[in-house]
2 protein chains.
Amino acid sequence: MRKVAIVGVGHSKFGRRDDVNLAELAFESIKPAIEDAGVAPEDIPLFIVGNAGFCEETLPAVVIADYAELYNAELLRTEAACATSSAALSMAYTVVASGKFDLAMVTGCEKMTELDTPYVVELIGRAGYFFWEFQNFGLTFPGYYALHATAYMNKYGATEEHLAMVAVKNHKYASMNPYAQFRQEITVEQALQSPYIAWPLKLFDCCPISDGSATVIIAAEEKAKELTDTPIWIEAIEGCGGSANLTKRENFVGLRAARVAAERALKRAKLTPDQIDVANVHDCFTIAELMAMEDVGFCGRGEAYKLVEEGQTYIGGKIPINVDGGLKAKGHPIGATGTSMIYNLTKQLREEYGSSNQAPIKNGYALAHNVGGTGHYAYVTILSRK
Amino acid sequence: MRKVAIVGVGHSKFGRRDDVNLAELAFESIKPAIEDAGVAPEDIPLFIVGNAGFCEETLPAVVIADYAELYNAELLRTEAACATSSAALSMAYTVVASGKFDLAMVTGCEKMTELDTPYVVELIGRAGYFFWEFQNFGLTFPGYYALHATAYMNKYGATEEHLAMVAVKNHKYASMNPYAQFRQEITVEQALQSPYIAWPLKLFDCCPISDGSATVIIAAEEKAKELTDTPIWIEAIEGCGGSANLTKRENFVGLRAARVAAERALKRAKLTPDQIDVANVHDCFTIAELMAMEDVGFCGRGEAYKLVEEGQTYIGGKIPINVDGGLKAKGHPIGATGTSMIYNLTKQLREEYGSSNQAPIKNGYALAHNVGGTGHYAYVTILSRK
């Protein structure tokens with residue numbers, strides 16, 4: 001396999017974006033990514049759109065490619081629930097690594113707020129185990145993660161305050177991120193006083209429904225070195241599936257698919273979790289950030305909430321996590337979340353954030369953990385600047 | 001890039017399949033493919049589901065992977081309209097060619113008949129250029145291909161009889177295919193007497209709405225030789241996008257995306273069209289088969305209908321086309337069509353059809369041409385038995 005690097009990234013404003021259609025929203029991240037990479041649209045031989053289908057358009061990849069005038073590229077759309085654009089990047093990465101093409105572009109894009117909110121909640125709910133859990137028991141996503149939260153709190157002694165601390169950190173960093181949906185800081189007290197959605201998860205434990213896009217352009221080694229002095233190398237992207245059926249799960253305090261994907265990625269990159277300088281993890285709910293930290297191996301089982309209590313997931317701590325605001329406060333436009341994580345980590349490794357949301361880069365490694373469904377899909381990506 | 005071969009294929013019965021759910025329908029092709037390849041589900045490290053989203057399930061890949069007990073595989077879904085599972089195979093092929101995995105499985109599956117027919121027609125109609133052509137002018141797919149048919153007939157002198165001849169051939173071969181949706185032969189007179197859908201296209205010029213699945217298992221060279229004595233090699237899979245907007249098209253007598261994809265695939269395989277022994281082309285409407293023959297280069301522009309008149313697309317002719325019945329009569333479960341073509345061509349190159357629908361294999365090459373939308377996507381795959 002050839003070495004592959006990220007040579008361009010772009011990001012749209014996340015939030016409620018009534019001002020743009022799907023193609024315009026995608027182009028908000030495509031244009032800066034193309035400029036960042038210094039390539040022309042007609043030079044891109046492969047274009048993969050990550051979109052989970054939350055829009056009026058039947059063929060989102062086509063309208064986006066049309067708008068961006070990408071008429072020569074091999075074109076397709078991927079879907080892996082909330083890990084949709086990590087799956088897209090995984091495919092693009094291996095195509096470039098294979099030698100078939102020297103360049104590829106991946107755009108994650110989702111426009112969810114044009115649909116009625118109850119319908120979006122229903123669609124997301126269907127993304128669990130449809131037949132038994134959604135149709136027969138009415139389980140929706142806050143309910144799924146509430147099951148995880150109660151199991152975790154019961155087993156390890158974490159409290160609702162610990163969950164609130166995750167939200168406080170992510171809101172703090174979102175306040176510094178011009179692309180974030182929620183840019184106001186919150187306090188633990190505010191989080192604890194927010195209304196319950198599914199006990200013990202409250203409003204401030206849940207990520208919002210969002211519109212947004214993020215684009216990543218990758219190139220094979222030789223091409224990457226032509227295009228940029230700061231290539232960010234993809235050391236590994238590994239995925240694993242998992243049953244949608246809760247009754248088949250080993251336990252509720254972690255996600256097997258994420259654990260396996262992380263083990264595979266770290267093995268392929270020949271790294272241990274303590275060598276990672278900065279990480280994005282899939283914090284669709286605050287409890288998910290705690291489970292992710294343990295699934296990746298940043299700490300042992302039942303220890304994540306203690307690290308959070310100590311402030312070790314802030315910049316300056318042991319492992320800065322979601323310092324772009326995370327899904328929780330930056331927003332979670334489903335198909336764009338994977339590439340949005342990669343956008344942040346690329347900027348971090350390039351040390352392009354001048355402000356206080358730049359994490360210190362020591363070893364030169366970053367990790368993205370992206371989950372789809374309630375653990376039906378997981379993708380873990382490891383980047384390096386060396 | 002490593003050499004990659006097809007080592008297992010499976011096919012479900014196409015048609016109206018009220019008797020099975022989506023996962024069961026997929027498993028009808030997964031089970032024989034796994035048996036054909038001689039692998040265990042847990043040995044498959046990558047599973048890509050081609051599904052265009054015509055079903056109640058939000059996450060079709062998950063329910064199919066769950067049913068097939070593929071819990072260790074990296075999992076995703078692709079969509080490229082009617083070329084959905086060719087896009088899936090293109091991705092799986094390059095992943096295996098890259099060296100990342102030695103084995104991968106691709107299942108194309110679609111269950112369209114559970115939705116109301118007018119809604120399916122609307123969904124397909126939206127797959128054109130949604131905003132102008134569908135929403136403002138109400139154009140649906142028979143209308144799109146009727147525009148092609150009138151342009152072609154006007155420019156080259158083809159008649160409705162020529163279109164009917166394509167339907168007659170495809171029904172003849174479907175009658176020999178136990179998996180086909182329509183198993184009765186028809187005559188030119190019957191086709192000509194069928195009601196107009198969108199002039200000059202009549203009922204018997206149009207493919208049906210179908211349920212079905214087809215699965216392909218591929219392996220890297222060394223693994224393929226371990227698994228089978230009859231590997232069918234993938235010489236090339238090439239794709240190209242194209243504008244959805246009719247006003248941007250060069251002309252209406254062919255599809256640029258398909259022409260470019262075919263040129264790329266033939267170039268990569270270092271072949272000319274006359275070296276192909278047998279082909280499947282995307283005959284969603286009879287006119288599409290004529291355009292495909294010219295886009296691939298089996299004949300010059302305006303000559304396809306003459307070959308059809310001479311019977312050259314039957315077994316024994318210059319280039320046998322769609323001798324499994326094609327989309328027209330075998331059926332067209334959107335996401336399954338690409339892998340269904342590969343199923344037929346694999347069987348053809350292995351010479352496993354004992355009966356009269358076995359094409360003579362001289363050079364050992366076969367070609368699949370799969371179009372998405374009205375030419376927004378095209379994938380051309382070339383297989384060999386050498």
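I take a strand to be a DSSP run of E with at least two residues, numbered from the N terminus. The model I have open is a predicted one.

**Entry: cis peptide bonds**

I looked up Pro200(A) with that definition in hand and found it in the loop between strand 5 (196-198) and strand 6 (201-202) of chain A. The peptide bond that leads from Trp199(A) into Pro200(A) is cis, with omega near 5 degrees. I then went to chain B, where a cis peptide bond joins Trp199(B) and Pro200(B) and omega is about 5 degrees. Pro200(B) sits in the loop between strand 5 (196-198) and strand 6 (201-202) of chain B. I noted these bonds because most peptide bonds are trans.

**Entry: a positive phi**

Most residues other than glycine have a negative phi. Glu351(A) is not a glycine, yet I read a positive phi of about 55 degrees for it. I located Glu351(A) in the loop between helix 14 (337-350) and strand 10 (365-372) of chain A.

**Entry: how the chains are related**

I asked what rotation superposes chain A on chain B. The rotation is 180 degrees, with 0.0 Å of shift along its axis and an RMSD of 0.0 Å. I wrote this down as the relation of a two-fold axis. In chain A, the C-alpha nearest that axis belongs to Ser98(A), at 1.8 Å. Of the interface residues of chain A, 100% are also interface residues in chain B, so the copies meet through the same surface.

**Entry: helix 3 against helix 3**

Next I followed helix 3 (residues 84-98) of chain A to helix 3 (residues 84-98) of chain B; their axes come within 8 Å and cross at roughly 50 degrees. The two helices are therefore oblique to each other, and their crossing is left-handed. Chain A brings Met91(A), Thr94(A), Val95(A), Ala97(A) and Ser98(A) to the contact, and chain B brings Met91(B), Thr94(B), Val95(B), Ala97(B) and Ser98(B). I sorted these residues into six nonpolar, four polar and no charged. Ser98(A), listed in this contact, is the residue I had noted beside the axis.

**Entry: helix 6 and helix 11 of chain B**

Within chain B, I checked helix 6 (residues 141-156) and helix 11 (residues 286-296), whose axes come within 9 Å and cross at roughly 60 degrees. They are therefore oblique to each other. The crossing is left-handed. Helix 6 makes the contact with Tyr145(B), His148(B), Ala149(B), Tyr152(B) and Tyr156(B), and helix 11 with Ile287(B), Ala288(B), Leu290(B), Met291(B) and Glu294(B). These divide into eight nonpolar, one polar and one charged.

**Entry: helix 1 and helix 2 of chain B**

Helix 1 (residues 22-37) and helix 2 (residues 60-67) of chain B pack at about 60 degrees, with axes 9 Å apart. That angle makes them oblique. I looked up the hand of the crossing and found it right-handed. The contact residues of helix 1 include Phe27(B) and Ile30(B), and those of helix 2 include Val63(B) and Tyr67(B). The contact has nine nonpolar residues, no polar and one charged.

**Entry: aromatic pairs**

How many aromatic pairs does the structure hold over all chains? I found 16. One of them is Phe141(A) with Tyr145(A), a tilted pair at 6.4 Å centre to centre with 50 degrees between the planes. Both residues lie in helix 6 (residues 141-156) of chain A, four residues apart, about one turn of the helix.

Key. Residues numbered from 1 in each chain as written. Chains lettered and ligands numbered in written order. Predicted model: local features only at pLDDT ≥ 70, side-chain atom pairs only at ≥ 80, totals over all residues. Heavy atoms only, no water. Axes fitted to C-alpha atoms, helices over the stretch in contact; angles between N-to-C directions. Parallel < 35°, antiparallel > 145°, perpendicular 65-115°, else oblique. Left-handed = near helix turned anticlockwise from the far one by under 90°. Contact = heavy atoms within 4.5 Å. Nonpolar A, V, L, I, M, F, W, Y, C, P; charged D, E, K, R; others polar. Least-squares fit on C-alpha atoms with pLDDT ≥ 70 in both. Phe/Tyr/Trp six-rings, centres within 6.5 Å; stacked < 30°, edge-to-face > 60°.
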